[in-house]
Amino acid sequence: MKDNGAHIICLILIILIIIVSFVFVYKSRTEGTDDTMDMMAETAPEENIVEEDTLIVQEYEINGINYEVIAVLNIPSLEIEYPVLSSTSTELLKVSLNKYWGPNPNRPGNLCILGHNYNDSRFFGKLNRIENGDIIQLTDMSGKVVEYSVYDTYIVDPDNTDCTSQLTEGKTEITLITCTATGKQRFVVKATKV
């Protein structure tokens, strides 16, 4: 009988492990948990390129909480429009788009912006539909709107950060980064000021 009881306990433990695993996978798929994006947020460069004297930050209320916003990103062709928060963290990625690296909005260099790829189309959930030539508008907090034209899209492994390079030969560019549908790789959109 003792062996039978031990087998029943083992069976119950195995069933519980399977149920917990299923719930975790289901939750990841439905809530858009992006492990590689979270890892990227946690490894954001400590010293960001910031021109303190020209950066205008506004408090922006989202779900009853104020956040520091540096710009509003709009992609008319995809009906994407969200504020860009001034920094990056795992928690901030759940709120809106995040500045990951680069200069202030609409300044020479490569402003890199992260956003989750949620299955319900929030944030960068529709970004994979963008095409070369599509326009991205970035409005800084002074109200200046600059248009960028998409010139490249590609997929990289999570440890590939080449897309964040600031070597733009003086051009003003933006890079949008999100995860692929599986969350195993990153989808990158490169655009340059029109």
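Rings of Phe, Tyr and Trp (its six-membered ring) form an aromatic pair if their centres lie within 6.5 Å; planes under 30 degrees apart count as stacked, over 60 as edge-to-face and the rest as tilted. By this rule the structure contains two aromatic pairs. In one of them, Tyr82 and Phe123 meet edge-to-face, with 5.1 Å from centre to centre and 70 degrees between the planes. This pair links distant parts of the chain, since Tyr82 belongs to strand β3 and Phe123 to the loop between β5 and β6, 41 residues apart. Phe123 also pairs with Tyr118, and this pair is tilted, at 5.4 Å centre to centre and 55 degrees between the planes. Ring pairs thus link Tyr82, Tyr118 and Phe123 into a cluster.

The model is a predicted one, in which local features need pLDDT of at least 70 and side-chain atom pairs count only at pLDDT 80 or more, whereas totals for chains, interfaces and linings use all residues. Residues are numbered from 1 along each chain as its sequence is written, and side-chain values use heavy atoms, with hydrogens and water left out.

The overall fold may be described next. The protein chain holds three helices and nine strands; these are DSSP runs, helices being H or I over at least four residues and strands E over at least two, numbered from the N terminus. Read from the N terminus, the order of elements is α-α-β-β-β-α-β-β-β-β-β-β. Of the contacts in the protein chain with a separation of 6 or more, 61% involve residues 24 or more positions apart, where contact means heavy atoms within 4.5 Å. The accessible surface of the protein chain is about 10,900 Å², and 54% of this surface belongs to carbon and sulfur atoms; such areas come from the Shrake-Rupley method with a 1.4 Å probe, and for residues only the protein chains shown count as cover.

Of the 194 residues in the protein chain, 42% are buried. Buried means under 20% relative accessible area, exposed means over 50%, and partly exposed lies in between (1.4 Å probe, protein chains only). Two rings of the aromatic cluster fall in the buried class: Phe123 has a relative accessibility of 4%, and Tyr118 has one of 6%.

In soluble globular proteins, nonpolar side chains tend to be buried together. A nonpolar core is a set of buried Ala, Val, Leu, Ile, Met, Phe, Trp, Tyr and Cys residues joined through side-chain atoms within 4.5 Å. The largest such core here has 25 residues, and Leu73, Ile136 and Leu176 touch the most other members. At least two residues of this core come from each of β2 (65-75), β3 (80-85), β5 (109-114), β6 (135-140), β7, β8 and β9 (186-193). Strand β2 provides the largest share, four residues. Beyond its neighbours within four places in sequence, Leu73 is in contact with residues including Ile80, Tyr82, Leu97, Ile113, Phe124, Ile136 and Leu176. A second, separate core comprises nine residues, among them Trp101, Cys112, Val156 and Val188.

The cysteines come next. A disulfide is a pair of cysteine sulfur atoms within 2.5 Å, and a search of the whole structure finds zero disulfides. For Cys163, the nearest cysteine sulfur is that of Cys112, 6.0 Å away. Cys163 lies in the loop between β7 (145-156) and β8 (172-179), and Cys163 is buried, with a relative accessible area of 5%. Cys179 is also buried, at 1% relative accessibility. Leaving out residues up to four places away in sequence, Cys163 touches Asn110, Cys112, Tyr154, Thr175, Ile177, Val188 and Lys190. The C-alpha atoms of Cys163 and Val189, 26 residues apart in sequence, are 8.9 Å apart in space.

One of the residues touched by Cys163 is Thr175, which is found in strand β8. Thr175 counts as buried because its relative accessibility is 0%. The side chains of Thr175 and Lys190 are joined by a polar contact of 2.8 Å. A polar contact is a pair of N or O atoms within 3.5 Å; within protein, one must be able to donate a hydrogen and the other to accept it, and residues adjacent in sequence count only if both atoms are side-chain atoms.

Thr178 is also placed in strand β8 and is buried, with a relative accessible area of 1%. A polar atom of the Thr178 side chain lies 3.2 Å from the backbone nitrogen of Asn117. Thr178 and Asn128 are 50 residues apart along the chain, and their C-alpha atoms are separated by 9.0 Å.
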